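Welcome to this short tour. Take a moment with the sequence and the model, and then we will walk through them together.

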Amino acid sequence: MGALDYLSNFCTVTSTRSKRKSMQTVEIKVKMDCDGCERRVKNAVTSMKGVKSVEVNRKQQRVTVSGYVEPNKVLKRVKISIGKRAEFWPYIPQHLVPYPFASGAYDKRAPSGYVKNVVQAFPAASNNAAHDQENMVSLFSDDNVNACSIM
């Protein structure tokens with residue numbers, strides 16, 4: 001290591017640049033009654049720094065924002081701009097849920113093809129899954145026809 005390398009260690013410039021936000025898609029549920037509500041929400045969100053695209057679907061009461069933004073800041077801006085209740089989109093497509101008609105998941109107000117994003121009532125796996133599966137198989141045994149209460 002030469003003298004020049006030793007001195008260059010003291011002259012290095014470190015950048016204090018903040019981390020860049022990642023590209024995100026934020027979906028928000030907002031009650032919009034008219035074209036004016038729709039326009040106010042779209043204008044408020046479009047003026048935010050980092051927003052690339054805004055899609056407003058008044059029929060589903062849904063606003064989709066894509067860009068380098070923070071979800072909480074977008075939600076706050078929508079709440080302030082329109083003056084109505086807004087929340088993150090609580091629904092997911094129905095085909096992604098194993099039990100879409102379980103209590104708590106099915107919502108009459110959800111758009112068609114969507115259910116609420118809740119933790120399912122049925123456990124996915126238990127500690128003694130092999131024992132549970134064995135009990136389930138023995139319920140419908142061909143050897144013991146009286147074991148099945150459905151028949």
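Which side chain meets arginine 85 in a salt bridge? The partner is glutamate 87, with N and O 3.7 Å apart. Arginine 85 counts as exposed, at 68% relative accessibility, whereas glutamate 87 is partly exposed, at 28%. Before going further, please keep in mind that this is a predicted model.

## The overall layout

Let us step back to the whole chain. There are 4 helices and 6 strands, and from the N terminus on they follow the order α-β-α-β-β-α-β-β-β-α. The chain has 151 residues, and 25% of them count as buried. Its accessible surface comes to about 11,700 Å², with 52% belonging to carbon and sulfur atoms. How do contacts spread along the sequence? Among contacts between residues at least 6 apart in sequence, 54% join residues at least 24 apart.

## A hairpin of two strands

A good place to look next is the pairing of strand S2 (residues 51-57) with strand S3 (residues 62-67). These two strands run antiparallel and are joined by 6 bridges. One of the pairings can be found at valine 56, whose bridge partner in S3 is valine 63. S2 and S3 form a hairpin with 4 residues between them. In the turn, glutamine 61 has a positive phi of about 60°.

Strand S3 also holds serine 66. Is serine 66 buried or exposed? Serine 66 is buried, with a relative accessible area of 14%. Leaving aside neighbours within four places in sequence, serine 66 is in contact with Met23, Gln24 and Thr25, and also with Val51, Lys52 and Ser53.

## Charged partners

Side chains of opposite charge can pair when their charged atoms come close. How many salt bridges are there in this model? The count comes to 6. Three of the pairs are set out here, with the N to O distance for each.

| Arg residue | Glu residue | N to O distance |
|---|---|---|
| Arginine 62 | Glutamate 27 | 2.5 Å |
| Arginine 58 | Glutamate 38 | 3.6 Å |
| Arginine 85 | Glutamate 87 | 3.7 Å |

Start with the salt bridge between arginine 62 and glutamate 27. Arginine 62 lies in strand S3 and glutamate 27 in strand S1 (residues 24-30), so the pair ties together parts that are 35 residues apart in sequence. Arginine 62 is buried, with a relative accessible area of 13%, while glutamate 27 is partly exposed at 27%.

Now turn to the salt bridge between arginine 58 and glutamate 38. This pair links distant parts of the chain, with arginine 58 in the loop between S2 and S3 and glutamate 38 in helix H2 (residues 35-46), 20 residues apart. Arginine 58 is partly exposed, with a relative accessible area of 30%. Glutamate 38 also counts as partly exposed, at 22% relative accessibility.

As for arginine 85 and glutamate 87, you met their salt bridge at the start. Elsewhere, salt bridges that share partners join Lys31, Asp33 and Lys84 into one network.

## A cluster of rings

What about aromatic rings? A search of the whole structure finds 2 aromatic pairs. The rings of tryptophan 89 and tyrosine 91 have centres 5.3 Å apart and planes at 80°, so this pair is edge-to-face. Both tryptophan 89 and tyrosine 91 are buried.

Tryptophan 89 also forms an edge-to-face pair with tyrosine 114, at 6.2 Å centre to centre and with 90° between the planes. The pair links distant parts of the chain: tryptophan 89 sits in the loop between strand S4 (86-88) and strand S5 (91-93), and tyrosine 114 in strand S6 (residues 114-116), 25 residues apart. At 10% relative accessibility, tryptophan 89 is buried because the cut-off for that label is under 20%. Tyrosine 114, at 21%, counts as partly exposed. Ring pairs link Trp89, Tyr91 and Tyr114 into a cluster.

Finally, which residue lies over the face of tryptophan 89? That residue is arginine 62, at 4.6 Å from the ring centre. Arginine 62 thus appears twice on this tour, here over a ring and earlier in a salt bridge with glutamate 27.

Notes. Residues numbered from 1 in each chain as written. Predicted model: local features only at pLDDT ≥ 70, side-chain atom pairs only at ≥ 80, totals over all residues. Heavy atoms only, no water. Pairing = 2+ DSSP bridges. Salt bridge = Lys/Arg side-chain N within 4 Å of Asp/Glu carboxyl O. Buried < 20%, exposed > 50% of the residue type's maximum accessible area, 1.4 Å probe, protein only. Phe/Tyr/Trp six-rings, centres within 6.5 Å; stacked < 30°, edge-to-face > 60°. Lys NZ or Arg CZ within 6 Å of the ring centre and 35° of its normal. Contact = heavy atoms within 4.5 Å. Areas by Shrake-Rupley, 256 points an atom, 1.4 Å probe, with all protein chains shown as cover.
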